[in-house]
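Please find below some points on the model, set out for discussion. They go from the chain as a whole to individual elements and residues.

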Amino acid sequence: IESEQLGDTSIEGLQLVSEALAGLQLVPLSHPQRHGSGKGEKASRRTQLLNQFQNLMETLPIVAILRGIEPSQVVEVGQVLVDQGIKIIEVPLNSPRPYDSIRLLAKALEGRAIVGAGTVLSSEEVEKVAEAGGVLIVSPNADERVIQRTRQKGLISVPGFQTPSEAFKGLEAGADALKLFPSHQSAAPMLKA
């Protein structure tokens, strides 16, 4: 769910969207891949994150994308989303002060939601998201360096793809799940194949 698709990004608008979603039957298109992350505490944390991510995607395969949100709004919006059952939240890095928003959300929703960043284009951005407490890294492309750094940090990697070759490249690099991006440009027969 992207804020510009909602039109009204007020709390009332989000509640209307959640009511509309209640009647939908959602079917996951893909499942996260299970990968190890090394040894010790980081591997255990990563395994827990992956299990939580997979469970949430099987229950309600929706990632709320809070594009353009201000840090002053993020906690209230995040709490409404979680209260309505949407528990995977992405703050795109091209939003105002995204690391502040991720930090606030991660703290406010700790243990209740998976919080992370979208439009992640570099290993340095992965580091900053991790420092802010984010655990989900969503990229518009399958950049091997971003995927590998995400895994090294014990986070969830979800790169974007448009072609089968890009999808396989992302999986070979260690992606945990894939995001069809931009989805509106993809034909149904290609997805079916």
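1. Overall content. The chain has nine helices and six strands, and the model is a predicted one. Of its 193 residues, 42% are buried. The chain exposes about 10,200 Å², and carbon and sulfur atoms supply 51% of that area. When contacts between residues at least 6 apart in sequence are considered, 58% of them join residues at least 24 apart.

2. Strand β3. This strand covers residues 114-118, and five of its five residues are buried, so β3 is largely enclosed by the rest of the structure. The cut-off behind this statement is a relative accessible area under 20%.

3. Pairing of β3. On one side of the account stands β2 (residues 88-92), which runs parallel to β3 and is joined to it by five bridges. Within this pairing, Pro92 is placed opposite Gly118 of β3. Strand β4 also runs parallel to β3, and two bridges join them. Here Ala117 stands opposite Ile137, a residue of β4.

4. Crossovers. Two β-α-β units involve β3. In one, β2 and β3 are combined with helix α5 (residues 98-108), and the unit is right-handed. In the other, β3 and β4 are combined with helix α6 (residues 123-132), and this unit is right-handed as well.

5. Nonpolar core. The largest nonpolar core contains 38 residues. Those touching the most other members are Phe53, Leu66, Ile102, Leu105, Ile114, Leu136 and Ile156. At least two core residues come from each of α3 (40-59), α4 (71-83), β2, α5, β3, α6, β4 and β5 (156-161). Helix α3 gives the largest share, five residues. As background, nonpolar side chains in soluble globular proteins tend to be buried together.

6. Ser139. Which strand holds Ser139? Ser139 belongs to β4, which spans residues 136-139. With a relative accessible area of 4%, Ser139 is buried, because the limit for that class is under 20%. Apart from neighbours within four places in sequence, Ser139 is in contact with Val120, Val146, Val158, Pro159 and Gly160.

7. Asp143. This residue is located in the loop between β4 and α7. Is Asp143 buried or exposed? Its relative accessible area is 12%, and Asp143 is therefore classed as buried. The side chain of Asp143 reaches the backbone nitrogen of Arg145 at 2.8 Å.

8. Ile147. Helix α7, residues 144-152, contains Ile147. The relative accessibility of Ile147 is 2%, so Ile147 counts as buried. Beyond its neighbours within four places in sequence, Ile147 is in contact with Ala142, Ser157, Pro159, Gly170, Ala173, Gly174 and Ala175. One of these partners, Gly170, lies 23 residues away along the chain, and the C-alpha atoms of Ile147 and Gly170 are separated by 7.6 Å.

9. A shared partner. Pro159 appears among the contacts of Ser139 and also among those of Ile147. A reader inspecting the model may wish to view these residues together: Ser139 is in β4, whereas Ile147 is in α7.

Technical notes: Residues numbered from 1 in each chain as written. Predicted model: local features only at pLDDT ≥ 70, side-chain atom pairs only at ≥ 80, totals over all residues. Heavy atoms only, no water. Helix = DSSP H or I, 4+ residues; strand = E, 2+ residues; numbered from the N terminus. Buried < 20%, exposed > 50% of the residue type's maximum accessible area, 1.4 Å probe, protein only. Contact = heavy atoms within 4.5 Å. Areas by Shrake-Rupley, 256 points an atom, 1.4 Å probe, with all protein chains shown as cover. Pairing = 2+ DSSP bridges. Right-handed = clockwise from strand over helix to strand, strands pointing away. Core = buried A, V, L, I, M, F, W, Y, C linked by side-chain atoms within 4.5 Å. Polar contact = N/O pair within 3.5 Å; in protein donor to acceptor, adjacent residues only side chain to side chain.
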